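Q: I have the sequence and the model open here and would like to walk through them with you. Let's start with the vocabulary.

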Amino acid sequence: MERDLKRRTTHYPVVQFKKDTWEIDEFDISSIYLLVGSEKAMLIDCGIGLGDLLGTARMLTDKELLVAVTGDQIDHTGNVCQFDEIWMNRERKEKSIPEELALRRKIVSDIALRQQGNIGSGMYGVYPLYAYNPERDLVVPEEPVPMIHPITDGMQFDLGGDRIVTAFQCPGHVTGQMMFLDSFSRSLFCGDALNYYLEIGTAPIEETIAYLEKMQELEDLYDGIYNGNHDFRAPGASLGSDCLPNALALARQIRDENCNILEVPSFKGSASGDRSHKVLQKYRNFVCYRPFDI
């Protein structure tokens, strides 16, 4: 059973970048992925809850939907209440799912400012104006939280037609972070486990290095890595081939205590009011290691 939220926008920018594989752009906030097999479909992540995610998915497929979440962060769980059940690593049982409305409103407001040219210059110089109304379209949870099924390392989801999606644990950005390897599209969906601006530090650095090395070990099984937003790539495009080796090199510098720490302004820009951050840099990769940034 699925829960319908009437009147909220379904006007997400959507890109089909491989056969039966879509990226749903939640208005520059989050990237949500839809994978369709011969028997079932799978949504990876639920965004911050801006708009009718279920309605959009139903415009693309009528197959039974499995919903899996890469992490319990605010911009991955916002729309979970549209579904009766989801799959998720629930190590942080105290974490509110979805998170409080006021904080989600703040993030949506920051992104709206950026779209008006007030925050940041953007990777491509221009941020589009999207047709949404935060007062109408930001989901206010009125239904109960869905049943949460646990995801474990190595668990597989069979969508039919030789489309097998395998989950791997990748701690570092948050505890319980997961990534999903799709055999059919040869894609690795990693949530916030990799990006050109990568925040880590919730797990021992050795564990973070281990999952980045696991990503490298899996390289023969995928053609591209797709993360949980597109701030450093175009929608439907994968992260560059330099992203993973550079992030891994910086993580090893942290482990070896051989770091050149820089202080940089918030990526959101000064208008956001966010403080600067201490980071490590290698070419276009930045790693923010939380113990350095306290």
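A: Two strands are said to pair if DSSP finds at least two bridges between them. Strands (E, at least two residues) and helices (H or I, at least four) are themselves DSSP runs, numbered from the N terminus. This is a predicted model, in which local features need pLDDT of at least 70 and side-chain atom pairs count only at pLDDT 80 or more, whereas totals for chains, interfaces and linings use all residues. Residues are numbered from 1 along each chain as its sequence is written, and side-chain values use heavy atoms, with hydrogens and water left out.

Q: OK, so how do E6 and E7 pair?
A: They pair in the parallel sense, over four bridges, with E7 covering residues 147-150. Within that pairing, Glu 85 stands opposite Met 147 in E7.

Q: And which side chains of E6 are buried?
A: Ile 86 and Met 88, which point to one face, are buried, while Glu 85 and Trp 87 point to the other face and are not; buried here means under 20% relative accessible area, exposed over 50%, and partly exposed in between, with a 1.4 Å probe and protein chains only. In a regular strand the side chains alternate between the two faces of the sheet.

Q: Zooming out, how many helices and strands are there in the chain?
A: The secondary structure of the protein chain comes to six helices and 16 strands. Of its 294 residues, 54% are buried. If contact is taken as heavy atoms within 4.5 Å, residues 24 or more positions apart account for 63% of the contacts in the chain with a separation of 6 or more.

Q: Back to strands, what joins E4 to E5?
A: Five bridges join E4 (residues 40-44) to E5, and the two run parallel, with Ala 41 standing opposite Leu 65 in E5. Together with helix H1 (residues 53-60), E4 and E5 make a right-handed β-α-β unit; right-handed says that, with the strands pointing away from the viewer, the path from the first strand over the helix to the second runs clockwise.

Q: Is E5 mostly covered or mostly open?
A: E5 is mostly covered, since four of its five residues are buried. Leu 65, which is found in E5, has a relative accessible area of 13% and therefore counts as buried. Its C-alpha lies 7.0 Å from that of Leu 43, and the two are 22 residues apart in sequence.

Q: Where does Thr 70 lie?
A: Thr 70 lies in the loop between E5 (64-68) and E6 (85-88), and it is buried, because its relative accessible area is 1%.

Q: What does its side chain make a polar contact with?
A: The side chain of Thr 70 makes a polar contact with the side chain of His 76, at 3.2 Å. Such a contact is a pair of N or O atoms within 3.5 Å; within protein, one must be able to donate a hydrogen and the other to accept it, and residues adjacent in sequence count only if both atoms are side-chain atoms. Leaving aside neighbours within four places in sequence, the residues in contact with Thr 70 include Ile 44, Asp 45, Gly 176 and Phe 180.

Q: Why is Val 80 called buried?
A: Val 80 is called buried because its relative accessible area is 0%. Val 80 has its place in the loop between E5 and E6, and, apart from neighbours within four places in sequence, its contacts include Cys 46, Val 69, Ile 86 and Pro 98. Val 80 and Pro 98 are 18 residues apart in sequence and 7.1 Å apart in space, C-alpha to C-alpha.

Q: New topic: what order do the strands of the open sheet have?
A: The open sheet of five strands has the order E8-E9-E10-E11-E13, with mixed pairing. Its edge strands, each pairing on one side only, are E8 (156-158) and E13 (224-227).

Q: Which helix packs on that sheet?
A: Helix H4 (residues 205-217) packs on it, touching E9, E10 (178-182) and E11 (187-191), and its direction makes about 5 degrees with that of E10. For such angles, axes are lines fitted to C-alpha atoms, for helices over the stretch in contact, and the angles run from 0 to 180 degrees between N-to-C directions.
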